[in-house]
Amino acid sequence: MSNKILPLVLGAAMGVAATTAAGATTLEDVKAKGFIQCGVSQGLPGFSNPDSQGNWTGLDVDLCRAMAAAVFGDASAVKFTPLSAKERFTALQSGEVDVLSRNTTWTMSRDTQLGLNFAGVNYYDGQGFMVRKDLGVTSALELSGASVCTNTGTTTELNVADYFRANNMPYEIVAFEKADEVVAAYDAGRCDVYTTDASGLYAQRLKLANPGDHMVLPEIISKEPLGPVVRQGDDEWFNIAKWTLNAMLNAEELGVTSENVDEMKASDNPSIKRMLGAEGAFGEAIGLSNDWAYNIIKNVGNYEESFNANVGPDTPLGISRGVNALWNAGGFMYAPPIR
Amino acid sequence: MSVMEQDSAGAPARASLLNDPKARGLFYQLVLIVALVTLGYVIVTNTIANLERQNIASGWGFLENTAGFGIIQSLFPYSETSSYGTALLVGLFNTILVAVVGIFFATIFGFVIGIARLSNNWVINRLAYCYVELVRNVPLLLQIFFWYFAVLRAVPGKREKWSLFDTFHLNIGGMRLPKPIWETGSHMIGIALIVAIIASVVVSNWARKRQEATGQQFPMFWTAVGLIVGLPFIAYLVMGMPMYWEHPNFVETGPILRRGFELNVGINVIPEFLALTAALAIYTAAFIAEIVRAGIQAVSHGQTEAAHALGLRNGPTLRLVVIPQAMRVIIPPLTSQYLNLTKNSSLAVAIAFPDLVSVGGTVLNQTGQAIEIIGIWMAVYLSLSLLTSAFMNWYNQRMALVER
Amino acid sequence: MSDTKMFHIRTEEAPLLPAPVSTTGVIGWMRQNLFSSISNTILTVIGILIAYSIVAPFIQFAIVDAVWNGENREACLPQDGAHGGACWAYVKAYFPQFIYGRYPTDEIWRVNVVYALFVLLLVPLAWPSAPFKRTNAILFLVVFPIVAYFLLTGLVIGGSVILPIVETARWGGLLVTLVIAVTGIVASLPLGIALALGRRSKMPIIKMVSIIFIEFWRGVPLITVLFMSSVMLPLFLPEGVTFDKLLRVLIGVTLFSAAYMAEVVRGGLQAIPKGQYEGAMALGLRFWPMMYLIVLPQALKLVIPGIVNTFIGLFKDTTLVLIVGMFDLLGQIQSSFTDPTWSTPSQGHTGYLFAAIVFFIFCFGMSRYSIFMENKLHTGHKR
């Protein structure tokens, strides 16, 4: 095999530095190399998951594709780096990835202490509990004395500790490194309860032997706003990430889809005109071309399309929009206007 | 050729500095030091700059912050309100526990399989051979997954159990054992145990001296057993039986969630621990078996024959002649297997057993103190390695052939 | 004295003894090896029971109940509630990914070329009596790595793409396992030799540095080394400089295995009789020529089995990279469990079983080779 990758590349790396992001802005850097390096999960159905051909799909993946479409007009100008929960922030900080779109919860300490910026929320999640139906449990408050399976190294581990302590319930925590292991252990009956983000519960339930035997309890014990993350100190790139997400949301609100975007270009609605670049120069303001949003919608689609294709009711995950509906449909999704 | 270029031994002073081995040696070492110092300097300055940029406070202060996460198994009281330092200590003790229990079983399995490899019985011999080859050639991590995920499914669920003598119970929640509860006065039992151990050592020294002087043997083994079992038992009776067993409580009625074993009653050996120890013991045993086989084969058959000629029966021959000699061959590689087992126990992280690496990983995630945590890992494993090898070296020296 | 009878002549035939129990044929063999005594018989029965209780369910799972063909999970779902057998159809569907990872389909020929070159160069190198050893070794250790490097990662000269770049994040499966194991072992060889020589050096500082280095890496578990290279190494580098993730792992693995390699090589150096050193010095050879011409060729030949054993260890240990989020063979198999198309209760067991079989074939084969070489080399300095 490639026996001497090490000495070869080590020499190169030591001498000239493998890839350098220092000096140039992220946008210049991305344009120079011709693609966006996007950090994703190691496999979470619906959010970022590789299929048997190795193509990445999911809600988080679509966001990276949308950014690539905005920058290059080509949704495939993106490369994915699967990252574990442990590595994700280091990878972003060190410049290994340009954007981290890996179902990452927006918390204050992450936003302020790690040199990161959260560019918005592309999925409002919350931590939930899944149990076997035959336990006869209807509320998380009945879970006293239960053994709980979860992932280690995430906020879920802390939330569950807080919740059981606050309600004065004894419990037993079994915390695994990888989601697959949690599912396997829960399915084998090691634990009474499986807890993670509610979206994750729906995704992982598919992997159980008899998904119908399990139910998700109504309690949501935490706020988990998941969103894309970029490095602090590069406002231009931060804006691109932020407005890519906003463009997808605005497109849904204005009824622009990948199918009708060409017709919509001729629309009389000034909001649509501004968004699609027919009026004003909003693209140039963030360092892109004026048809940036058109490219996003044309190549990736609006938020609704992405949601329905990856996690929506017609997918195996079958998650309804719920709080992730637009603000005018009873949800939390609210994008500032483009004007 | 080069012979001609060599300076004659009589005139070393004329050798150029370049050819003087001492000067050259000094030069090489100097270069090495300079290179190492430069490398160290670059790394330290880069790290400091990076940490500052990322707003990560370095130092050990975080050890006193509240951990906030639960740990399933702890050898001493731990709760979510304990500090990160306590959490890491829990991990350290769990690592040591796995290592000690794993080494114990690996040694027993290893010796049994090693001897089975030398058996004349074809079936036993082949079985041992297949065991060794199969286990040695499959990655340990895969075996841990096997024991945890495949075997786990085979044991009864949480609301059922397998019981042995109504004392040991097994289900998917782990193995439940009765727990000794010590009441006041029970410290005498501990004291009696210590006295018994000291007495056994004294008696064994005396017995050995007597045997060397007079040739008379003394039933040392049974004396020691008698002392170590008897004395604490007498103390137990004298103090008015200050200890009782708390049996695990299996609830069979009420809501389904409440059924099964009650939390925190009796001892619960969690399945993660069982799987990890089983995998480690079985994996390492395969290597130990080969070491034992090689060790026994290294003892020349003449030794056995000579022992028989002296009138020793099979048992004493094995015990007094073959094994002591084989041990000399066995101990050094055995030591490195023990070290391997200890280091491999870090794979606990894959099946949620809270060992040092697993707990440390969680702390690392919560605090971002990568350097400190990895430093703790390295320091702990290095000292465990050094301690184990120091102990085994001491034992090896004791066992070594005294040359005359 | 003469009247005492000093001899005895048998006058009648001795009674016929029963025929000795057969020691040949199946029955005889069984009598000798399995049922020679009561305890032996009990052992045999127990042994057979153990073997049966392991082999029978295994065959049941892997062959009898197995599903060989199918399009998706429907084929492998257990009928009437029982746990199904192995789902080989799933392995079949994922087989390319297990071997190549997510390497682009159009470029897979490049991996195949590397695999082929590897085998073509390794087989004659490993074959003791094959000719052109030196050329072969140079090709394998110097030319092949360069060719393989460019084949696998891609080649762009002056802006014109000759081979499209394939970033290492798309590598996976057996490819990554082999890249890590082979790079680890080959790159650690020179480092290991240097450390072994350093440890035997008379220069105190070099000796001390070597000992500290070796004992440090041998004292810590590989998993902490991997965590270190994935989490801590980026901190050591100046701002903006990043290492490829695979490269970081390779650095960790190489340093780790160099320490083990050093001890193996040291064993070989110690096995060379002092006379060889003295002879070389008497010829006036200096240190490096002596090492290069006299000692190392002999020592390295002696340690081939040791190197192979280290390689087996490293090959198995590459599975640990899945814990730091790389997709080696086991990691790739685990990651395929997240695909809902194939998720069935037996998917995990099937995947792990497949991994176990692959690893066993590789490791067992190599250990046989190691034993073969050991026997072959057992002739040198035996006294």
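Colleague: What percentage of the 383 residues in chain C is buried?
Modeller: Happy to start there, and please keep in mind that this is a predicted model. A residue counts as buried here if 20 or more other C-beta atoms lie within 10 Å of its own. Of the 383 residues in chain C, the buried part is 41%.

Colleague: What radius of gyration does chain C have, set against a compact globule of 383 residues?
Modeller: Let's take the box first: along the principal axes, the C-alpha atoms of chain C fill roughly 115 × 80 × 40 Å. A compact globule of 383 residues would come out near 21 Å, but the radius of gyration of chain C is 29 Å.

Colleague: How many helices and strands does chain C have?
Modeller: Confidence is a good thing to check before counting: chain C averages a pLDDT of 81, and 93% of its residues score at least 70. The secondary structure of chain C then comes to 15 helices and 3 strands.

Colleague: Which helix gives the largest share of the side of chain C that touches chain B?
Modeller: In this interface, 47 residues of chain C are in contact with 47 residues of chain B. Helices H2 (38–64), H8 (204–219), H9 (222–236) and H15 (347–377) of chain C each supply at least two residues of that side. By class, the side has 33 nonpolar, 11 polar and 3 charged residues. The largest share, 10 residues, comes from H15(C).

Colleague: And where chain B touches chain A, which helix of chain B supplies the largest share?
Modeller: Here 29 residues of chain B are in contact with 32 residues of chain A. The chain B side divides into 14 nonpolar, 10 polar and 5 charged residues. Its largest share is 4 residues, and they come from residues 356–367 of chain B, helix H11.

Colleague: What distance separates the centres of domain 1 and domain 2 of chain A?
Modeller: Domain 1 of chain A is made of two stretches, 25–124 and 225–319, while domain 2 covers 128–222. Taken over C-alpha atoms, their centres are separated by 30 Å.

Colleague: How many residues does each of these domains of chain A bring to the contact, and of what classes is the domain 1 side?
Modeller: The contact takes 13 residues from domain 1 of chain A and 9 residues from domain 2 of chain A. On the domain 1 side, the residues divide into 8 nonpolar, 4 polar and 1 charged.

Colleague: Last one: what ipTM and pTM does the model score?
Modeller: These two scores are given for the model. The values are ipTM 0.82 and pTM 0.81.

Conventions:
Residues are numbered from 1 along each chain as its sequence is written. Chains are lettered from A and ligands numbered from 1 in the order in which they are written. This is a predicted model: local features need pLDDT of at least 70, side-chain atom pairs count only at pLDDT 80 or more; totals for chains, interfaces and linings use all residues. pLDDT is the predictor's confidence in each residue, from 0 to 100. Two residues are in contact if their C-beta atoms, placed from the backbone, lie within 7 Å. Ala, Val, Leu, Ile, Met, Phe, Trp, Tyr, Cys and Pro count as nonpolar, Asp, Glu, Lys and Arg as charged, and the others, Gly among them, as polar. The radius of gyration is taken over C-alpha atoms; the globule rule is 2.2 Å times the number of residues to the power 0.38. A residue is buried if 20 or more other C-beta atoms lie within 10 Å of its own, exposed if 12 or fewer, and partly exposed in between; C-beta atoms are placed from the backbone. Domain bounds come from an automatic or database domain assignment.
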